[in-house]
Structure formats: structure tokens, C-alpha cells
Amino acid sequence: PLPPPQAVHAAAAAAPSYPRYTREEVGRHRSPEQRVWVTHGTDVFDVTDFVELHPGGPDKILLAAGGALEPFWALYAVHGEPHVLELLQQYKVGELGPDEAPPTPSAQDPFAGDPPRHPGLRVNSQKPFNAEPPAELLAESFLTPNELFFTRNHLPVPAVEPGSYRLRVEGPGGRALSLSLDELRSRFPKHEVTATLQCAGNRRAEMSRVRPVKGLPWDIGAIGTARWGGARLRDVLLHAGFPEEREGEWHVCFEGLDADPGGAPYGASIPYGRALSPAADVLLAYEMNGAQLPRDHGFPLRVVVPGVVGARSVKWLSRVAVSPAESPSHWQRNDYKGFSPCVDWDTVDYRTAPAIQELPVQSAVTQPRPGAAVPPGELTVKGYAWSGGGREVVRVDVSLDGGRTWRVARLAGERAPPGRAWAWALWELTVPVTAGSELEIVCKAVDGSYNVQPDSVAPIWNLRGVLSTAWHRVRVSVRD
Ligand code: MTE
């Protein structure tokens, strides 16, 4: 029953009036030492005393420290329940001032039209936008939520009007097809593939600790897994009149709608055989995890080349062409190649190395994080493992003593047909640990061809910091 109206008025009169804060002031409260503040709607909360009580763990709630809770709550449905809001009310300390609207982007800025992003991402460069999820969230779900999926952009995000969008497919004999989004959806069967995308620069930060390299300092999060939906590239190429197989060397070249100031679009290519093979599952994707492809990930259409370096999965796809040569793009010819540690910027000759396509076996520890203090008792170590070319991960070995002794982790993932293991395996190991010990946690994965990761970074160091796949090492101390 509703309370009588007088009671409502009395309660309103007794409601405390709260001090007003700016978002900037809230943003200064990011750690237990400075107090941990968050906002929800226009309310400001001091949740310092709740951090240790957070059911998802203190590290997770701290990701929202100094900012809004909504973007995180949107990812984890439990927060939508009324008791969570009620609990939060106990911690209210203020309200946002009436002028606290989000800042408006400047019209002069080529990146002004970029989409809004999740504030929990770790930004490696704002313009162009390059960001990865916090490592501790990476292995929390087999499919990476779209909002947290790493973004690797070389240029501003193009604004595409889906109604007038056309994909140009250059067919044999100079004929060209122009396909609208509706035609791509209706003329070709929808095919779905769960595939991991990894940037060639994933874990570059570890390589630059050995010797400086050129490139964004990715930690372990330039990797993610999604269920992609779209038309098979093979079906579109057959429809355009190309044969199943071709003699000699041929490549399928892709161009994006994003172009550099000189007008050169982002581009890349893959071998013809991979593009046409029904077992290679190459997609022209318009869906990511059941949703429309987000703008940062290539809306309205992108290529997804499972098992192959992310650079070939061209976003905002505008053109597909078949050529006897690889894509002329800078990113195919003069980047995304591996070199010997003896090659430097004075001696490098990009013509001497093949473009990276299938990636080598990779793994990393996502939890605990380097430098963490973990309580004695049971320690759960978590991480991901993946290999290129559809080679499944058959084992992950974990050491707590820097690689002297090993245990085998428990793998979780989806079983795939042989040679088509496009998605990562998540792994976990629970071990007893005693107070006072210093641990060097190490992981290494083995794929179906018994490929293993190299034990250290120095012998695979290269000037561009790509293919960083050495054993991942995380030092933690065990303390009460
Ligand atoms: N496609 C276009 N058009 N422009 C780009 O900058 N970046 C590439 C690839 N496709 C890129 C692109 C690189 S290097 C990677 S690793 C992947 O997209 C990243 O995809 P994501 O941002 O969806 O994670």
C-alpha cells in the first residue's frame, strides 16, 4: 500500500541535502588511500568500505573507481537487481552538479566522430583509438563482451550510412559486383564462427622491456574471442564468378573505408586458397556476439579471417579484389612482418620477410596480476591460450617457481572440428600457497602440432615488437 501523502512530504522534508561535485572531483577518488568514489545517475557514492566486500572481488569494483558504475553494470546483469541499488544508497555522499554533462567533441578534430567507448578499457592511444580490456576481466568469459573487446584502429572510425553502403567485389574479366547490406544478408546463407582475434603486437610491452621497440605498448589484452556472423567470403567470391581453385599465386585483397590523409585506405590480403576454402571459415561479418557489428569493430561489415593475425581482418570493408600480388597496402608490405633480433631500423628490408598470416601458439596469465599480494591458502591462477591456423590448444603447463616444476592446468573451451579450432581455450589451476613465499607464475601452451612457446623474450625480440609469445611470467607475493 502507498503511504499517506503527508508521510511522503514529511520524508521529503527530512531528506538530507547533499554536497555537489564535478566529475573531475569524483575522478580524484580512485584508490582506498584517496577514498574510492563512484557515480550512479547523478548520485556520488563513497564505496571505500565496500571494496573488500564486493562479491566479484575488490579488483573488479576498483575498475570503476573515480567514474560511473553504469558501463560496468551493463556488462554484469546481477547489478540490475533492486537490492544492489538499495545497498549502494548507504554509501551516498553527494550529487553531481547540474552542469556535469559529457564534454562535446571539437568539430576540427578528425577523430571527433569516433564512437563513445567503455571507460574500463586501458587506452594505449586515444587518437587513433587503441585500447584493451583490463587483464583481470579477459578470461572471465569465453566470449569477450563487445564493449571490452580490444580495439586496434590506425585511423579515425568512418561514419557509414548503412542504407547507402555498398561492398564492391571485383570479379574476373573486369566485371564488378556491388552489394548492399540487405543483399549480403539475403543472398548468402548466414554463417557463424566463434573465433579469437589477436593483434600481432599483443604483449609488445614485454618485448620493449628487453630492448625498445616501435609500437603501442600492448599488455596481454590485444586478443579477444567473439561469435561472428555473416556471409562466407567464399560464397561471395563464387557468386562473383571466381573458381574454387586457381593455378599459380593469387591473393584476395581487402580495402577499408578508413583512409590516411593522403587518401590511401587501410588494406590487407590473404592467399586465395584460404579465402575460398570452406574449411577456413573466412567471413564477411555483420554481427559480433549476436549484435550488430559495433562501429569500432568495423560497422557495417568486416572481414574475419580465423586463425590469422588480426591485421588481415579488415574493418569497414569497402572493396574486395583478386590479384596476382599481395595487397599494395603499407600494412601488408611494410608492417606486420617478423625479423631477426639482429635487424635494426638501419638494416631492415621489408621485402625480405613474408607478411604474417597464421599466428604462433600463445598464452598468458590473466589472474593474479603482476605485483599482486595474494592471501595464503588456495590460489587460483587463470589465463587464456590460443594458437593460429586452427591448431587447437592441447595443454597448458603452469609453474609457480619460475619454470623449475610444472603442473597441468584445466582447460575450458568449445570442441572444434580438427584443424578448425579458431577460438581460445581458457584455463585455470588452483594450488595451495603459503604465507611469506614469493611466486613466479609462468604459463606456456602446447598446440595440436606440438608447437611450444619460447622460454624467453630476447631470442625472439624484433624491432617492431610483434609475435611476442615467450612464456608469460607473473611475480606475486603471498601475504596475509
Ligand atoms: N581494418 C581497418 N579498416 N582499419 C584498421 O585500422 N586494424 C587491423 C584490423 N583491421 C584495422 C583493420 C588490426 S591491426 C587488427 S589487430 C584488427 O583489425 C583489430 O580488430 P578490432 O579492433 O575489432 O579488435
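This section describes the ligand site of a predicted model, followed by selected residues and features of the backbone.

The shell around the ligand comprises 20 residues, of which Phe150, Asp258, His297, Arg302 and Lys315 come nearest. Sorted by class, this shell holds nine nonpolar, seven polar and four charged residues. Polar contacts to the ligand involve both side chains and the backbone. In the side chain of His154, an N or O atom lies 2.7 Å from an oxygen atom of the ligand. For Arg302, a residue also listed among those nearest to the ligand, the distance between an N or O atom of the side chain and a ligand oxygen atom is 2.7 Å. Ser313 takes part through its backbone: one of its polar backbone atoms is 3.0 Å from a nitrogen atom of the ligand. The enclosure of the ligand can be expressed as an area. Taken alone, the ligand exposes 530 Å², and the protein buries 100% of this area. The space that the ligand takes up is the largest cavity. Two elements, β8 (151–152) and β13 (251–259), give two or more residues each to the shell around the ligand. Asp258, one of the nearest residues, carries a number that falls within the range of β13 (251–259).

Two strand residues were then considered with respect to accessibility and spatial separation. Val474 is located in strand β27, which spans residues 472–478. Val474 is classed as buried because its relative accessibility is 0%, and the cut-off for this class is under 20%. Between Val474 and Lys214 there are 24 Å in space, C-alpha to C-alpha, and a separation of 260 residues in sequence. Thr430 belongs to strand β25 (residues 425–433). With a relative accessibility of 34%, Thr430 counts as partly exposed, because this value lies between the limits of 20% and 50%. The C-alpha atoms of Thr430 and Val478 are 14 Å apart, and the two residues are separated by 48 residues in sequence.

The backbone contains cis peptide bonds that precede proline. One of them runs from Lys127 to Pro128, with omega near 0°. Pro128 is situated in the loop that connects β6 (122–125) and β7 (130–132). Another cis bond, likewise with omega near 0°, leads from Gln367 to Pro368. The position of Pro368 is in the loop between β19 (362–367) and β20 (373–374).

Positive phi values in residues other than glycine were also examined. Arg35 has a phi near 70° and is part of strand β3, which covers residues 35–40. The relative accessible area of Arg35 is 35%, so this residue is partly exposed. Tyr450, which is not a glycine either, has a positive phi near 60°. Tyr450 is placed in the loop between β26 (438–447) and β27, the latter being the strand that holds Val474. The relative accessibility of Tyr450 is 63%, and Tyr450 therefore counts as exposed, the cut-off for this class being over 50%.

Definitions and conventions: Residues numbered from 1 in each chain as written. Predicted model: local features only at pLDDT ≥ 70, side-chain atom pairs only at ≥ 80, totals over all residues. Heavy atoms only, no water. Near = heavy atom within 4 Å. Polar contact = N/O pair within 3.5 Å; in protein donor to acceptor, adjacent residues only side chain to side chain. Areas by Shrake-Rupley, 256 points an atom, 1.4 Å probe, with all protein chains shown as cover. 1 Å grid on protein atoms, 1.4 Å probe; cavity = no way out; pocket = protein on both sides within 12 Å on 5 of 7 lines; lining within 4 Å. Sits in = over half its atoms within 2 Å of the grid points. Helix = DSSP H or I, 4+ residues; strand = E, 2+ residues; numbered from the N terminus. Nonpolar A, V, L, I, M, F, W, Y, C, P; charged D, E, K, R; others polar. Buried < 20%, exposed > 50% of the residue type's maximum accessible area, 1.4 Å probe, protein only.
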